[in-house]
Amino acid sequence: MKRYDQIPGPKSVAVWKELGKKLSTGMSSLAYRLPIVFEKANSDILYDIDGNSYIDWDGGVLTCSTGHCNESVKEKLKIQLDNLWNIHDYPTTGKLEVINKLVKLLPQKDYAFQFYSGGSETIEAAIRAVLSFQKYKKRKILSFSEGYHGKTRGSLMAVHSIFGKRIQPDYLAAKNIPFPKCYQCPYKKNAENCDLFCAHEAVKVIRADENIGAFVFEPILGTGGIFGPPDGFWEIVQPVCKEKDILLIADEITTGAFRTGTFLAVEHFGIEPDLIAFGKGIASGFPAIVLAGEKSLMQDSDIADYLDSLNQRMGATFTTPGGSSTTFGGSPLAMAAINATLDEMSALKIGEHVCYVSKIFEEGFEDLQRKFSCITDIRIYGLLIGVSISVYPEDQNKNNKFLIQLYHECAYHGLFIKPDSNGVIHITPPLTISESNVRKSLEIFGYVLSKLL
Ligand SMILES: Cc1ncc(COP(=O)(O)O)c(C=O)c1O
């Protein structure tokens, strides 16, 4: 199998030498560990400035859903570039088109919408909406301890296990429960006969605290290692949340916009959220995220009074004028990117394609698992795939080093993969990845594993 001579190549090394000294050291550790300088991309292939190419298992951190530099999206954006770039919250026909499409894709409820440019900002807005709505005492946010919702104050506050105490907000108005994983169950139970112990434990926590106002959750953990809940978990937990007036905020930044085959991942579990923040891939790589919410949370029935009042308090709550808006959210360019992406996804029948290639990944990884005992678990939700690798089960550091070696060696063989620090390879390619590149990438992955083990 072809192997590049030097990764990163000399041009990448030269750029990195200069650039590295000028960047914040808080950036992604994977970029440090393999400082390739990328130059361009097409569909599911990345190219670096040294002329090397890689099948992309990351998809621009899950944003480039329709394939890198999708032609049809590009053409529609060019038209918008000639017309209007930003006009703040003033209505545009592009926004109306986006909303009409979203309404069809979210038939479960009559939602209202606001738009943002990043995930944390959107979660922050959802938490503001909840705090504006809930009674004063119901201000605690429940979340999963392995969840990830961003790095702003509110989104950080929701989960207090990831980041160090130094940057946590002082007021931890949050409460965490373990994510219901069957692989490495946090309660050390066996899925065969546990009777959904995790769901009953979650219910105990929920019932014990009258101050919980909202539950922010990823339907499938993304950053936390790609884990879905067991069947039946939400059937037990959701009704209790409803009974206790706990609003459900689905964080579908990762899972939304067909990543798991359906438009939203909540559809797999029968969850009907009050607010949904989605999805990294809805604008093909452009910064645009949607917040959909129950009208009672997103709209104020007294809006006419506010507008009449000379003393109106701008942004006093989420629904008073100015309370939900931002500088870039919902710009005409963002709307054009969403419109073009949704059109392309519909033309490509993207949900069906995701399910089709997902199956090929599934068969491929199962085949590899039969050959390599270090593949200890495979979790597949459309094109959100987590593969646990444990070469040194007793030594996480050593195992992580192995994963970094795998990361390097895959790059040498033309495959760009994404390991995390918990022994999981995240496979999240552009949703348009071709069948042939799925098969080719699996072949490279298997070959590299065989060489390293
Ligand atoms: C589920 C989830 N929520 C929120 C965020 C934060 O998004 P951003 O990095 O755009 O602020 C992320 C980022 O990966 C995410 O995966």
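Alanine, valine, leucine, isoleucine, methionine, phenylalanine, tryptophan, tyrosine, cysteine and proline count as nonpolar here, Asp, Glu, Lys and Arg as charged, and the others, Gly among them, as polar. With that in hand, welcome to this predicted model. Two places make a good start: the shell around the ligand, to which helix H6 gives the most, and strand S8, which is mostly covered.

**Around the ligand**

- The ligand has 13 residues around it, and those that come nearest are Gly118, Gly119, Ser120, Gly150 and Ile253.
- Sorted by class, this shell holds eight polar, three nonpolar and two charged residues.
- Helix H6, spanning residues 119-133, supplies three residues to the shell, the most of any contributor.

**Strand S8 and its two faces**

- Strand S8 covers residues 247-252, and six of its six residues are buried.
- In a regular strand, side chains alternate between the two faces of the sheet.
- On one side of S8 sit Leu247, Ile249 and Asp251, and on the other sit Leu248, Ala250 and Glu252; all are buried, so both faces are covered.

**The neighbours of S8**

- Strand S7 (residues 212-217) pairs with S8 in the parallel sense, over four bridges.
- Strand S9 (residues 275-278) also runs parallel to S8, and four bridges join the two.
- Isoleucine 249 is a handy landmark in S8: valine 216 stands opposite isoleucine 249, and leucine 275 is the bridge partner of isoleucine 249 in S9.
- Following the chain from S7 through helix H9 (residues 233-243) to S8 traces a right-handed β-α-β unit.

Methods: Residues numbered from 1 in each chain as written. Predicted model: local features only at pLDDT ≥ 70, side-chain atom pairs only at ≥ 80, totals over all residues. Near = placed C-beta within 6 Å. Buried ≥ 20, exposed ≤ 12 C-beta atoms within 10 Å, placed from the backbone. Pairing = 2+ DSSP bridges. Right-handed = clockwise from strand over helix to strand, strands pointing away.
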